[in-house]
Every structure is written in C-alpha cells, then in structure tokens.
Amino acid sequence: MADEGQQQVDKAGRQIFKVPKEKLLEFMRARKDEGFNHLSLITGVDRKDHIEVVYHLHSVEQDRYIVVKTTTNNCTVPSVTSLWRSANWDEREQWDLMGIKFEGHPNLKRMFLPESWVGHPLRKDYDLGNVQYINMDEDGEDYSTFDPGDGW
Amino acid sequence: MSDLMQLNMGPQHPSMHGVLRLKVKVEGEIIREIEPVIGYLHRNAEKLCEMTYYCDNLVYFDRMDYVASMNMEAGYLEAAEKLLGIPPPERAVYIRTIMNELSRIASHLVWAGAFGLDLGMLTPFFYCFVEREKILRIFTESCGSRQETNYFSIGGVYQDITPEIVDHIKTFLSEFPRKLEDIYNLFAKNDVFLSRTRGIGYLDPEIAIQYGVTGPMLRASGVPYDVRKAEPYLLYDKVDFDIPISKKGDSLARFSVRFEEIRQSIRIIKQIIDKIPEGPFFNPKAKKPMMIRLRGDGEVYARTESSKGEFGVYIVGDGGVKPYRVHVRSPTFKNLSVLPELAKNQMIADLIAISGSIDLVFGEIDR
Amino acid sequence: MTLLSTLYGIFSFLGHYPGYAVSYFIEALLYLIVISLLLIFVIYLFRKFMARLQLRLGPNRVGKFGLLQLIADALKLIGKESILPKERDDLPYRVAPMIVMIGLFLAFTILPYGSLIGIGSLTVTNSAVSLLLVFAVIAIMPLGEVLAGISSHNKYALIGALRSIAKDISFEVPMMLSILAIVMMASARVPESLSISSIVSAQFLPYAILQPLGVFVFFTSMVARASYTPFDMGESDSELVSGFSTEYTGMRFGIFYIGLFGSILLGSTLVSLLYLSGYNGPLSTEAGVVWLFIKAMVLVLISFTVWLSMPRIRIDKFVNFGWKYLLPISFVNLILTGILTLGLGW
C-alpha cells in the first residue's frame, strides 16, 4: 500500500495518499477490496494551475480512515461510481460546482444548478459579478439566463 | 410502458420538507421510477465561506441544518480550531457538549412531529414542538437567539452560561423524560402508525454503506457506527452512553432509534451538567478584535455526529485570514441519495412514510 | 302538531295545496338556515376542541372567544377569487361542489328530529321508506367528489378520486348489511320498519347494546363516509396535496370543507337515531330534539378525537379491512340479529 502513493499526514492525523490520475481507479479498487466500503466524500480544490481531487475512504468494520488525493490539469478524472454507489451524487455535485469531469459516470448532470448554467461557481476564476437568473420553462424544468426578464 | 403516469411531487408539496422535488413515474398507486431533483435552496455556502473570515463562517453553518444549528457549529469549529491551532478551554467544551446534545434532542423532536404530520397525525406535532420550545428557550437565555444561534465561536463560546441557565437545563431534564414517553406512546402504541411504518422502506446495511448513509438511518439498519464513539470529539470519550441500534432497517426502526438517541442525549447531559468547571469560557488568543486576524494554513478534515449523521467539514487554508476552500460533507445529502432505492415498487403513501423517516432538512442538503 | 301544520295555519288563506306548498318551502328554508348555523357551530367546536387537544388556544381574536372567527373565514372564502384551472371540464367542475351540498342538505331534511316544546314535531319529511331515502341521497355525495377529481384534470385529483371510489365500494356493502340487521330487528315490533321514526320508536333498548358489532361497522363506515383521518385517503393532504379538491379555491373549496363537517354531523345524527334510540331520552319526550342534539354532539366529539389522534391508513389496507373484516363482521351481526329476533323474540 505504501509504495503505491506518497504518504502524508494532515493536521487531524489522517493518512494522505497521493496517487497519479492514471492509477487512481486501480488504487481505489485495491482499497475497496481491503475493506474500505464507505466513500465518505469527494471534493475538489482549485489550485489555480491544476485541480486537486480528494477522496475520503472509510472502513466501517475496521474503523480505518484514509484520504486519497489526485491532481488533474485538464479537469478530467476517472469516475469511481463502479466501486461505490455514493460516488454518483458526489461526482455530480463536484461537476456542478467545481467543473471536474468524471469519465465513465453514467449520468453526469448538474446536481444543484440548472443544466444551462454557465460556469462552475467554486472555481477561483468564476466571475461573481455576472448575475444569472433562474426561470422555469413550460415543462417545469429550470433554466438559467443572463436576461433579468419581466418577473425580476 | 405507456401505462406509467409521471407525477411531479414538489418543490411545492406539503410533505416534501421544504423544496425536494421528486419526479415519480407511477403505475396506478405503485411507484416504478423515481428521481429526486434538488437545488432549490442552493446558496453555495462553500463559496460564501471562501469570501469571509474564519470567525464569520459560523453564520453560514447555522443556516445549513437550521433545526440543529449547534451541531453544525460544533462540526465547523472542530475543523477550524484544529486548523488555526486555538483549542477551546475546558469550560467551553462542557458548555458545547451540553448545547450540542440539547440541539440534537430539539432536532429529533422536530423530526418526530413532522413525521407524524406526513402520516396524517396532527396532534403529536404540537406536543413535540412544545417540548422543543423549552429547549429553544434555554438557547435564547444563553445566547439571545432561538434557532440560528451562532453561539459557539472560535476558541470557546460567545457568552458564558449563568447558574440560572444551568438550573433551567436541570428542570428541563427532570420534566422532559416523562413527556418524552408520552410522545413516544402516542406513536408507538398506535396500531395504525405501526402498520404504516413496520416493514416499510427496508434498508439493507450493505446498501446503506454503499450509498454513504450515516447517522440514525445507518444505525436503524443494524450497523453500530457513531462518530461520537469512533472518533470522539468534545467530551464524548469521557461520558458514558450507548449507541442505539435496530436490526429491522424499516421506518419504524428509524423512529425508535431516534427516540432512543434522545434518551441517550438526556443521559449524557445529566452526567456532565453538574461538573462544569470554573474558568474562562474562551481562549484569550481569540479575543474579539483579534478574531478576524486569525490565519490558517494547511488542510484539515473533521467529522462530527450531527443529528442527521456524519457531518464533515474540510477546510484548506492558504495562510490568509479567509479559508481557501471549504467543503461540507452533508449527511442528509447522502441519506437522500438512497431514496430511489428504498421507494421503488412501493406505493405513493409509503413514499411519504419513507421520505419522512430520512429526516430531510434542505438547508443542509442544498447548502 | 308539527312545524308544518303551524306554518300552514299562517298560510291557509292561500288554499289547501298552495298553502301547504308555501309552508313546506318555508320550512325547508328554515332547516337550511338552522343546519348551516349548526355546521358553523360544529366547525367552531372542532377548532376549539383541536386546539385543546394540541395545547393551543384556538381562535380567540375575532369576537368573544373567537365566536366570529368562522363568520370572518366564510366572508374571506366568499370574497376570494375562485381560480378556475385552464384545462377543466367546465360543467362537471362547476357542478361537483353543488352535488356535495345538495346531497348533504337533502339528507338533513329527511331525518326525523323529534319534537320541541311549543313547536311540536320538527320532522320535515315523513316517508314510509325514509331509511332507504336517506341512504339513496347520501350516495350522491361521493359522486360529487369523483366528478371533482376527474374534471379538474390534475393528477393528484385523479388519484384522489380513484382512492375515493376504492374506499367507497369497500365500506358500502358492510354498512348496508348492518342497516339490514336493524330493519330485521325493527320489523318484529313495528309495521313500517323502513321508516327511521318507526325504528327509533322500536328501540326499547338502544340498538347499540343489542348489536355492538353492528354499531361498530356502521360507525366505522360513517367515519369512512365523511373521509377524515384515518380514512381520508381521498384527500390526504400530505400525499396528494389535497386530493380531489386540489384545484378548487375560494367558496368552491369552502363547500367541500363544509361538506366534510356536514358528513360528520350527518353520520353522528344517523348513528344516534339508528343505534342510540335517537330523540327518546329518560326524562321527557316533549324536548326530544335536545336528546338527539346531545347524543349527536357526543358522537361528533368522539369523531374529532379519532380524527386528531390517528394517522392515515393506506388505501390497500383499508380495502383489505373493508372486505376481510368489516364484511364478515356485518354478516355475523346479521346472523346474531336473526337469532335474537326470531329465536328469542326480542
């Protein structure tokens, strides 16, 4: 386990493994076979020149907790939905807010924002001055627009 | 499959606990497909947190799980104080533990009342809210606010508690258990309630872990996992309490696990209410004008047990006075994601009994 | 001496038939007003009773003890805009509330009420088959609910209407069977055993004592007929928003609301007439209506308690309950009644 990634420890004393993107799926599958059956969270950190994707794995039976990190330059990461079902919504959330494209995700739609939203709000270069308005179309689906419209 | 009728439940629907929208395909009364649509209460608290000082972020956390705001504050501070290196003094830890558990009781009471309403029981709702109001009165006395308390602050609590407040908590603790049993019996001795919840929405422990379900929902499926025991924070390693579990995994099990948790919370508070040590209630490093100058570096993840489940806060600092990145692991977000699995091939009436048993609070799901 | 003959005494100058026609019309109008006031009283009672049960105060701002709250609410409902859905079937949509209202008030004019000192008998319609007539009339009311559900072209309303139908057919048969047991018992003593007033006079003991199973089945059916919790699957507010009345606003919705309380009052009155010896009481028969009122109000309060303390039953479980429990119970009741009437000669 140690040779597959560099180890570190964060301020709360958790082990951190840094894994290259290409080996991520393989590494994760091995961890799952080890008994890490609970994918606690997936999140991303925008480091301006690259995006860091963080996975928190947890084994309920053995009560072990590790952090797996990978970096990406082109915003794509392999999806882990095939290993943990909870990754489905987590990856959709990260795609929505952080703009990380998870390759192989069965249904990569935005989680919170409407499908036509422009940009990903948690990116550091997201323009907060550009106001978008949400409206509802005839079928009851939300859409976003830059046009304030009459209702607003 | 032309027999399927699409039914759009929510976001304006009496029992969707705010703004959940379910796209349901029904065949008569039986649900064949179900897709939750969320985001109607989305404020992007994570982005807002990046824009304010470490000490101000508590305001956004209060408004996540607005029925158990102390749980949210405790979760954030658990992470932020580790990052900033400002531990709270002993007295503040005691106060926080007491308030945290009171908040958990209040949250479970709200849930029980709303669950009754979902099933068509009007009366227990008011009984629950009367008891909750007494807790909120204690909050008001200690910090001046009922729901979004903003009571805990970095390095301690905002205000010290007075002996009168301790007395009021004690009075509450002596009167509440009897009232709690009354409320419990209103539900648990009602045959119609039992027939509506027993065996409804069975959640297999394997599937629960796969979906990341935590909290009372996971414990009702028979997995004895509680962050308060697994990774103790505040005073939870010094007090004696049990993790209530049930092997049944249905809505009734979730109901009884939550009520047992209330009893355990009472037990916890009773153990420490008399032992609150004298001393300062905040860390002098985090005095009022200094608070906004606190700088954090590195990254930290802290998990706590909120009334809904495992609540995690991930903070990355870049050495500035504002966090670089904040991520919140919302327990109800994960708990809700298992709903399509539970409600498939059930009746519409059961969908309400299942979604009600999850304990949805949309401030936290949509963040 | 009846109310009708008193009124005829005033209008006799018009001649025999026109005089009776006018006095009958005025009598019916009087009943309409009295029943409406009574319904308002029942709603007020419900709100106060509910508040007591739920540790609240209830209406207490408008008028003394909130007595004028209901009038204010009615005025608000009348003043509200009635929003009509765009894709409705116009005629049934408008007719549906009226059907509920007509069925309710017609049923009230058929019931016997006993007598009151100074006025005499208060019964409006004396019919030899008033029992059948009452059940024929209140069978109209579900029709209004079904029409409302289908004509408003709303999915919730449609599901609500379907549930209403499923509910109605599962309790109607046991209800009528328990009525049959009463008719059997009454026929041994009085000639016109299909008339409610003869059934009341035949009760030397309240039938609730002789037929405990029958009163259970009938009261349960009346709860289901009025459709409040636990049997309000048709309009279950937490599942189907408001069921068949989802698309109704303003006074049209108000009519459904009044219809609900009217059904409770009607059911309680029917139970007290058929099973609790109606307007006959231990003291005086001169003021029988007072006895009837007291009995009906006690039953109304029991209904409210059931309403406020029960969750909603799932529709398939109710259908099960109707066919697997209520129906056999009512058959057993029928057989027991036969043994009591023919074998023991009660």
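**A buried glutamate, a three-stranded sheet and a set of salt bridges**

B:Glu46 sits in helix α1 of chain B, which covers residues 45-50. In this predicted model, the residue is buried, with just 1% relative accessible area. Its side chain has polar partners, though. One polar contact, at 3.3 Å, goes to the side chain of B:Arg325, and a polar contact with the side chain of B:Arg367 also comes out at 3.3 Å. Setting aside residues within four places in sequence, the surroundings of B:Glu46 draw on chains A and B: A:Glu93, A:Leu97 and A:Leu122 are in contact with B:Glu46, and so are B:Arg325, B:Val326, B:His327, B:Val328 and B:Arg367.

That chain A turns up here fits the wider picture of the chains. Two pairs of chains are in contact, and chains A and B are the pair that shares the most contacts. Chains A and C, on the other hand, do not touch, and their nearest C-alpha atoms are 14 Å apart.

Now for the sheet. Chain B has an open sheet of three strands, running in the order β6-β7-β8 with antiparallel pairing. Strands β6 (297-305) and β8 (323-329) form the edges, each pairing on one side only. On average, and with direction ignored, neighbouring strands in this sheet are turned by 10° against each other. Strand β7 of chain B, residues 310-318, pairs with β8(B) through six bridges in the antiparallel sense. Within that pairing, B:Ile315 has B:Val326 of β8(B) as its bridge partner. B:Val326 is also one of the residues in contact with B:Glu46.

B:Ile315 is worth a second look. Beyond the residues up to four places away in sequence, B:Ile315 touches B:Tyr54, B:Tyr76, B:Ala79, B:Ala80 and B:Leu83, along with B:Gly298, B:Glu299, B:Val300, B:Pro323, B:Arg325 and B:Val326. B:Arg325 thus appears among the contacts of B:Ile315 and also makes a polar contact with B:Glu46. The largest nonpolar core holds 151 residues, and B:Ile315 is one of those touching the most other members, together with A:Tyr55, B:Met9, B:Ile38, B:Phe61, B:Met99 and B:Leu102. Helix α4 of chain B (residues 90-118) supplies the largest share of this core, at twelve residues. A separate core of 83 residues lies apart from it, with C:Leu7, C:Met50, C:Ala96 and C:Tyr113 among its members.

On to the charged side chains. Side chains of opposite charge can pair when their charged atoms come close. Over all chains, the search turns up 43 salt bridges. One of them joins A:Glu34 to A:Arg31, with the closest N and O atoms 2.6 Å apart. Both residues belong to helix α1 of chain A (residues 24-34), where they are three residues apart, or about one turn of the helix. The two partners differ in cover: A:Glu34 is partly exposed at 30% relative accessible area, whereas A:Arg31 is buried at 2%.

A second salt bridge, between B:Glu261 and B:Arg219, has an N to O distance of 2.4 Å. B:Glu261 is in helix α11 (residues 251-272) of chain B and B:Arg219 is in helix α9 (residues 216-220), so this pair ties together parts that are 42 residues apart in sequence. Both ends are under cover: B:Glu261 is buried at 2% relative accessibility, and B:Arg219 is buried at 0%. The pair is not on its own, either. B:Glu261 and B:Arg219 belong to a network of salt bridges that also takes in B:Glu101, B:Arg104, B:Asp226, B:Arg228 and B:Glu305.

Chain C has a salt bridge between C:Asp73 and C:Arg47, whose closest N and O atoms are 2.6 Å apart. This one, too, links distant parts of its chain: C:Asp73 lies in helix α3 (residues 69-79) and C:Arg47 in helix α2 (residues 16-53), 26 residues apart. C:Arg47 is partly exposed, at 23% relative accessibility.

Last comes helix α14 of chain B (residues 348-358), in which eleven of eleven residues are buried. Its buried residues include B:Ile348, B:Leu351, B:Ile352, B:Ile354 and B:Ile358, but also B:Asp350, B:Ser355 and B:Ser357. Just after this helix, B:Asp359 adopts a positive phi of about 70°.

Conventions:
Residues are numbered from 1 along each chain as its sequence is written. Chains are lettered from A and ligands numbered from 1 in the order in which they are written. This is a predicted model: local features need pLDDT of at least 70, side-chain atom pairs count only at pLDDT 80 or more; totals for chains, interfaces and linings use all residues. Side-chain values use heavy atoms; hydrogens and water are left out. Helices (H or I, at least four residues) and strands (E, at least two) are DSSP runs, numbered from the N terminus. Buried means under 20% relative accessible area, exposed over 50%, partly exposed in between (1.4 Å probe, protein chains only). A polar contact is a pair of N or O atoms within 3.5 Å; within protein, one must be able to donate a hydrogen and the other to accept it, and residues adjacent in sequence count only if both atoms are side-chain atoms. Contact means heavy atoms within 4.5 Å. Two strands pair if DSSP finds at least two bridges between them. Axes are lines fitted to C-alpha atoms, for helices over the stretch in contact, and angles run from 0 to 180 degrees between N-to-C directions. A nonpolar core is a set of buried Ala, Val, Leu, Ile, Met, Phe, Trp, Tyr and Cys residues joined through side-chain atoms within 4.5 Å. A salt bridge is a side-chain nitrogen of Lys or Arg within 4 Å of a carboxyl oxygen of Asp or Glu.
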